[in-house]
Amino acid sequence: DSSTMKLILKEVDIESGAFDALAALLQNPKSKLAVLGLRGNATEDEAAAILATGLTGNRTLKKLDLSRNRDITEEGWRTIFTALQSCRLEKLTLGSTAINDTALLSLCQVLTINRHIKTLDLSFCHHITIAGWRILFELLQSPNSALEELHLYSNAFTDEAAVSLTNSLINNHRLRELNLHSNSNDGWGAFSAVLQSPHTAL
């Protein structure tokens with residue numbers, strides 16, 4: 001149905017033929033699909049590539065949930081992120097996935113181009129190291145960052161990561177909500193400087 005506004009297919013195994021149909025729906029000029037939930041579908045790189053063809057140039061999708069798809073590798077994520085360059089997506093949920101530093105770099109490059117994405121969820125992404133987090137935090141310092149809401153809970157941040165994040169937020173004027181639940185370490189003392197800064201929107 002091309003008039004469908006919301007499609008949630010979470011925690012079900014989707015075969016490649018169904019992804020073909022989904023990609024066709026995303027490319028249908030009559031489609032009004034705005035919300036797509038594909039959480040925990042055991043999606044792999046082949047299906048990710050099919051999905052990416054549907055996402056390329058899509059103008060209607062506003063929210064995309066790909067969380068808990070742990071079988072997508074770096075290659076699959078890079079394909080998806082490349083497809084997002086021209087989308088008008090506003091919320092991207094990627095928690096509990098195998099996104100690594102290289103995939104995160106690809107995502108951050110897209111975020112500097114696509115300023116429609118306002119909300120990003122990278123919670124429970126334990127394959128990202130301090131090197132990857134620094135790439136994201138550097139983006140937060142850039143005037144090209146349009147992120148207003150960032151969810152990073154339960155990522156086992158080190159003290160170094162915590163300090164890097166807080167330093168990146170001191171002059172960030174856009175971020176209004178930051179979720180750091182279940183990240184316990186001693187580095188958060190530096191966060192008080194962010195809360196005192198007249199430049200932060202938090």
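Let's start at Asp20, which sits in helix H1, the stretch covering residues 16-27. Please keep in mind as we go that this is a predicted model. How open is Asp20 to its surroundings? Its relative accessibility is 44%, so it counts as partly exposed. Asp20 also has company: together with Glu44, Glu46 and Asp71, it forms a negative surface patch.

Now let's step back and look at the whole protein. How many helices and strands does it have? There are seven helices and seven strands. Try tracing the chain from the N terminus: the elements run β-α-β-α-β-α-β-α-β-α-β-α-β-α. And what share of the residues is buried? Of the 202 residues in the protein, 47% are buried.

Next, salt bridges. The idea behind them is simple: side chains of opposite charge can pair when their charged atoms come close. How many turn up here? Searching the whole structure gives three salt bridges.

Take Arg68 and Glu11 to begin with. Their side chains meet in a salt bridge, with 3.5 Å from N to O. Arg68 is in the loop between strand E3 (63-65) and H3, while Glu11 is in the loop between strand E1 (6-8) and H1, so this pair ties together parts that are 57 residues apart in sequence. How accessible are the two partners? Arg68 has a relative accessible area of 32%, so we call it partly exposed. Glu11 is partly exposed too, because its relative accessibility is 42%.

While we are at Glu11, have a look at its backbone. Most residues other than glycine have a negative phi. Glu11 has a positive one, near 60 degrees, and it is a residue other than glycine.

Phe124 is another case to look up in the model. This residue is not a glycine, yet its phi is positive, at about 55 degrees. Where is Phe124? You will find it in the loop between E5 and H5. Its relative accessibility is 35%, so Phe124 counts as partly exposed.

Back to the salt bridges, and on to Glu74 and Arg78. The closest N and O atoms of this pair are 3.5 Å apart. Where do the two residues lie? Both are in helix H3, four residues apart, which is about one turn of the helix. If you want to find that helix on your screen, H3 covers residues 74-83. Glu74 is partly exposed, with a relative accessible area of 26%. Arg78 is partly exposed as well, since its value is 40%. There is one further distance to note at Arg78: its C-alpha atom is 9.6 Å from that of Ala48, and these two residues are 30 apart along the chain.

The remaining pair to show you is Glu160 and Arg134. Their side chains meet in a salt bridge at 2.0 Å, N to O. Which elements does this pair link? Glu160 belongs to helix H6 (residues 159-169) and Arg134 to helix H5 (residues 130-141), so the pair joins distant parts of the chain, 26 residues apart. With a relative accessible area of 43%, Glu160 is partly exposed. Arg134 comes in at 35%, and that makes it partly exposed too.

Let's finish with two asparagines, beginning with Asn41. It is found in the loop between strand E2 (35-37) and helix H2 (45-55). Is Asn41 buried or exposed? Its relative accessibility is 2%, and buried means under 20%, so Asn41 counts as buried. What does its side chain reach? One contact goes to the backbone oxygen of Leu9, at 2.5 Å. Another goes to the backbone oxygen of Val12, at 2.7 Å.

The other asparagine is Asn114. Its place is in the loop between helix H4 (101-113) and strand E5 (119-121). Asn114 has a relative accessibility of 2%, so it counts as buried. Which atom does its side chain reach? That would be the backbone nitrogen of His116, at 2.9 Å.

So, when you go back to the model, try finding Asn41 in its loop between E2 and H2, and then Asp20 in helix H1. One is buried, and the other is partly exposed. Thanks for listening, everyone!

Terms used:
Residues numbered from 1 in each chain as written. Predicted model: local features only at pLDDT ≥ 70, side-chain atom pairs only at ≥ 80, totals over all residues. Heavy atoms only, no water. Patch = residues over 30% accessible without salt bridge, like charges linked within 9 Å, V, L, I, M, F, W, Y side chains within 5 Å. Areas by Shrake-Rupley, 256 points an atom, 1.4 Å probe, with all protein chains shown as cover. Salt bridge = Lys/Arg side-chain N within 4 Å of Asp/Glu carboxyl O. Lys, Arg positive; Asp, Glu negative; His and termini not counted. Charge placed at Lys NZ, Arg CZ, Asp CG, Glu CD. Buried < 20%, exposed > 50% of the residue type's maximum accessible area, 1.4 Å probe, protein only. Polar contact = N/O pair within 3.5 Å; in protein donor to acceptor, adjacent residues only side chain to side chain.
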